[in-house]
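Reader: I would like to test the terms used for this model against their cut-offs. Please show the structure before we start.

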Amino acid sequence: MRRRPAGPTGASVEGGRTAGEYHGTASGAAHGDWLTRGKDGRLTLYALTGGGLLRWTENAVGGPEWNGPHFVPVAGLTHLTVVQGANTYVHFLGRRERTGADGGRNVDIVHAVQYQTGLALGDWRSLGNPFQGPEESGSPAAPVGAVAQDGTVHVLLRGEHGGLMLRREAPNGKWRAWEDLHGGGVGAPPAAIALTDGRIEVCAAAETGVLVWRQSAPGGDFAGPRGFSLRPAPGTVAALETGPGRATFFWTDAESGGAAAWRAGGWPAALGGTPAERPYAVLRTSLDGYDCAVLAYRGRDGAAVLGMGGTENEAAGFWWYELAESCQGAPALALDGRGRVVMALIGADGRPRVARQGDGDGLDLTRWDTLGG
């Protein structure tokens, strides 16, 4: 077990400012679960900014007020992915690019963890670079990740020739070497999901269709990739556990332009909607007594779109609502400490906005609140 970092949220940052004094805007939405709920029930929102990341945290369970932004400096950070484990620890995976003493570009993948809502992040540790040749020093793409039920962190990125590379923790807490999971033609970050049966599954859009890697048992090796002749638009794949140990993958169909849902062993179900630009934000919850899947995405015109339908009952139809809000990157979805759906996005001005499920029927959102900064 890692040692938990101590310290207040107002730790010193570069330039003599304190985190509490830093005022800035996000340069874009992070990848993954960038709206998280801690063990104490409070939500935290993370966003990428120049020189590091920004964090806003609810003052009380269920809001509506937030404190922040708290600035966390990470020199050279170009991409940020946020993933959370069942133990509520929040993990940060980044791509870092720096200039070496010889003037060359050095790129590596970095990892940090936050153990408790509002506390400082642990140290940023380098996970290295799976590409060793000097001509490949810039090859690592933006990482994605998943945290297994036992807390084991899995970091995945597109490898050389479009395959998939994996680095994960060993049972003793140390990191294993990079593993080549093979495959080819993957041009965008895959979708990884940690299932409640302890396994990890990964799905990626490739030139030949869809590639899927699966663990046969918790902590085991990955089988695959297995290829399927399907047509997802690259960069739109997302994953949601819709049954015990069973994943449903969502993406934009490259031919129809609408959303699709697919589970291994079946055919994709058309969900309608308009083309998405980024991965869907996905959430499973109960609405009016029905088990529902909630999706959110950024449309090609920049508008945020929200949709919902029955879990594993896609044939009954999905309902889509184009919102008045525009956003950068993909939105985020989470349940707050009172069980209400919360949607977050990064506005065109770089400021986060959040809206919550109202007290009426269905999924009507309350007004949008802009977080301070």
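Author: What follows takes salt bridges, buried residues and a pocket in turn.

Author: This is a predicted model, in which local features need pLDDT of at least 70 and side-chain atom pairs count only at pLDDT 80 or more, while totals for chains, interfaces and linings use all residues. Residues are numbered from 1 along each chain as its sequence is written, and side-chain values use heavy atoms, with hydrogens and water left out.

Reader: Why is the pair Asp108 and Arg96 called a salt bridge?

Author: A salt bridge needs a side-chain nitrogen of Lys or Arg within 4 Å of a carboxyl oxygen of Asp or Glu. The N to O distance between the side chains of Asp108 and Arg96 is 2.7 Å, so the pair meets the rule. Asp108 lies in strand E9 (residues 105-114) and Arg96 in strand E8 (residues 90-99), so the pair ties together parts 12 residues apart in sequence. Strands here are DSSP runs of E, at least two residues, numbered from the N terminus.

Reader: What makes Asp108 and Arg96 buried?

Author: Buried means under 20% relative accessible area, exposed over 50%, and partly exposed in between (1.4 Å probe, protein chains only). Asp108 has 9%, so Asp108 is buried. Arg96 has 13%, so Arg96 is buried too.

Reader: How do you know that Glu201 and Arg214 form a salt bridge?

Author: Their closest N and O atoms are 3.3 Å apart, so the cut-off is satisfied. Glu201 sits in strand E16 (residues 200-206) and Arg214 in strand E17 (residues 209-215), so the pair ties together parts 13 residues apart in sequence.

Reader: Which of the words buried, partly exposed and exposed fits Glu201, and which fits Arg214?

Author: Glu201 is at 5% relative accessibility, so Glu201 counts as buried. Arg214 is at 22%, so Arg214 counts as partly exposed.

Reader: What makes Arg353 and Glu325 a salt bridge?

Author: Their side chains meet at 3.6 Å, N to O, so this pair also passes. The pair links distant parts of the chain: Arg353 in strand E29 (residues 352-356) and Glu325 in strand E26 (residues 318-326), 28 residues apart. Salt bridges that share partners also join Glu58, Asp336, Arg340 and Arg356 into one network. By this rule the count comes to 23 salt bridges.

Reader: Why is Thr248 called buried?

Author: Its relative accessible area is 0%, so Thr248 is buried. Thr248 lies in strand E20 (residues 246-252).

Reader: What makes the link between Thr248 and Thr242 a polar contact?

Author: A polar contact is a pair of N or O atoms within 3.5 Å; within protein, one must be able to donate a hydrogen and the other to accept it, and residues adjacent in sequence count only if both atoms are side-chain atoms. The side chains of Thr248 and Thr242 are joined at 2.7 Å, so the distance fits.

Reader: Why is His154 called buried?

Author: His154 has a relative accessible area of 3%, so His154 is buried. His154 lies in strand E12 (residues 153-158). A polar atom of the His154 side chain lies 3.2 Å from the backbone oxygen of Thr152.

Reader: Which residues lie nearest the centre of the second largest pocket?

Author: Asp150, Gly151, Thr152, Glu169 and Ala170, out of 20 lining residues. A pocket is an open set of points on a 1 Å grid over the protein atoms alone, where a 1.4 Å probe fits, with protein on both sides within 12 Å along at least five of seven lines; lining residues have an atom within 4 Å of a point.

Terms used
Helices (H or I, at least four residues) and strands (E, at least two) are DSSP runs, numbered from the N terminus.
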